[in-house]
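Visitor: I would like a close look at one bound molecule and the residues around it, and then at the parts of the chain that lie beyond it. Please take the contacts one by one.

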Amino acid sequence: MSVLQALEIHHTFGNTEVLKGVSLQLNPGEVVALTGPSGSGKSTLLHLLAGLERPTLGKVMWGTAQVSTLKGTPLDRLRNQHIGLVFQQHYLLSDLTVLHNALVPSWIQAKHEQQEALELLARVGLSHRLQHYPSQLSGGERQRVALVRAVLNRPSVILADEPTGNLDQHNTQEVMHLLLELARERGSGVLLVTHDEPLASRADRILHLLDGVLVS
Ligand code: ADP
Ligand code: ADP
């Protein structure tokens, strides 16, 4: 069964239909790259798949849950269980430390989650930064914290929107390597929006979004 599904999604801003009947599915553990020119609707699609916005028409499913039937706290909880998000901007909270930022999605802050966050932060080379604040980190370090936060709950899906868009070549390689390695280990499917052809070619499958229509 697929971990993520879009069924005939249409989305309109004002008079402009940005998505024109998009359907896709992501299988457990699968890595899919989503490419397409600027303005083709990639970020909009990712927001809808993350349940951050509702499609004008059509359905989004996380496993067997139909996302558009939920809102508020139940939707946020379900998102935390199913979906890990990584954006181009790290969206770390500036007044929380690295460790506390990593723990943000775990609403039950059990001991084992602390332990797991510590292990993951060590994996991404940030053991010496646990008590630092985001403003004290480099771009690559911030994105590695965002990555730990995204995978901590073992989500069935990781949605990543140009996660390395602000990073140099070296940090891009490192963050992508960690993203794919952690996703594989934890069995998460990945939908990766990227302009980067070499990155896209490492995916199991590539989808192109052209003017609101998906072509594979
Ligand atoms: P991409 O990620 O492929 O660059 P986007 O999903 O960001 O594309 O944008 C697709 C189109 O939708 C663009 O024409 C953009 O200007 C428009 N758009 C995106 N978000 C909004 C919004 N909140 N309000 C109005 N138009 C929007
Ligand atoms: P990167 O190669 O990841 O972009 P930088 O060259 O930006 O790294 O930073 C190198 C080191 O300096 C990093 O370990 C980072 O934590 C530290 N650093 C960067 N900016 C600051 C800052 N404003 N305050 C404290 N340390 C910083």
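Visitor: Which residue places a polar side-chain atom 2.8 Å from an oxygen atom of ligand 2?

Guide: That residue is Arg129, whose polar side-chain atom lies 2.8 Å from an oxygen atom of ligand 2. This is a predicted model, in which local features need pLDDT of at least 70 and side-chain atom pairs count only at pLDDT 80 or more, while totals for chains, interfaces and linings use all residues. Residues are numbered from 1 along each chain as its sequence is written, chains are lettered from A and ligands numbered from 1 in the order in which they are written, and side-chain values use heavy atoms, with hydrogens and water left out.

Arg129 belongs to a shell that also holds Ser135, Gln136, Ser138, Gly140, Glu141 and Asn171, where a shell residue has a heavy atom within 4 Å of the ligand. By class, this shell has five polar residues, two charged ones and no nonpolar one; Asp, Glu, Lys and Arg count as charged, and Gly is among the polar residues. Besides Arg129, the side chain of Ser138 brings an N or O atom to 2.7 Å from a ligand 2 oxygen, whereas Gln136 uses a backbone N or O atom, 3.1 Å from a nitrogen atom of ligand 2; a polar contact is a pair of N or O atoms within 3.5 Å. Of the 560 Å² of accessible area that ligand 2 has on its own, the protein covers 42%, as computed by the Shrake-Rupley method with a 1.4 Å probe.

For ligand 1, the surrounding residues are Phe13, Val18, Pro37, Ser38, Gly39, Ser40, Gly41, Lys42, Ser43 and Thr44, and they divide into six polar, three nonpolar and one charged. Helix H1, residues 42–49, gives the largest share of that shell, three residues; helices here are DSSP runs of at least four residues, and strands of at least two. Oxygen atoms of ligand 1 lie 2.6 Å from a polar side-chain atom of Thr44, 3.0 Å from a backbone N or O atom of Gly41 and 3.2 Å from a polar backbone atom of Ser40. Ligand 1 taken alone exposes 560 Å², and the protein buries 53% of that.

Beyond the ligands, the largest nonpolar core has 37 residues, and Leu121, Leu147 and Ile158 have the most contacts inside it. Such a core joins buried Ala, Val, Leu, Ile, Met, Phe, Trp, Tyr and Cys residues through side-chain atoms within 4.5 Å. Among the elements that give two or more residues to this core are strand E3 (31–35), helix H5 (139–151) and helix H6 (169–186), and H6 gives the most, with seven residues. Outside its neighbours within four places in sequence, Leu147 is in contact, with heavy atoms within 4.5 Å, with Val86, Val175, Leu178, Leu179 and Leu182.

Val31, in strand E3, counts as buried because its relative accessibility is 16%, where buried means under 20%, exposed over 50% and partly exposed in between. Although 161 residues separate Val31 from Leu192 in sequence, their C-alpha atoms are 7.5 Å apart; with the same exclusion of close neighbours in sequence, Val31 touches Leu180, Val190, Ala203, Asp204 and Arg205.

Terms used
Buried means under 20% relative accessible area, exposed over 50%, partly exposed in between (1.4 Å probe, protein chains only). A polar contact is a pair of N or O atoms within 3.5 Å; within protein, one must be able to donate a hydrogen and the other to accept it, and residues adjacent in sequence count only if both atoms are side-chain atoms.
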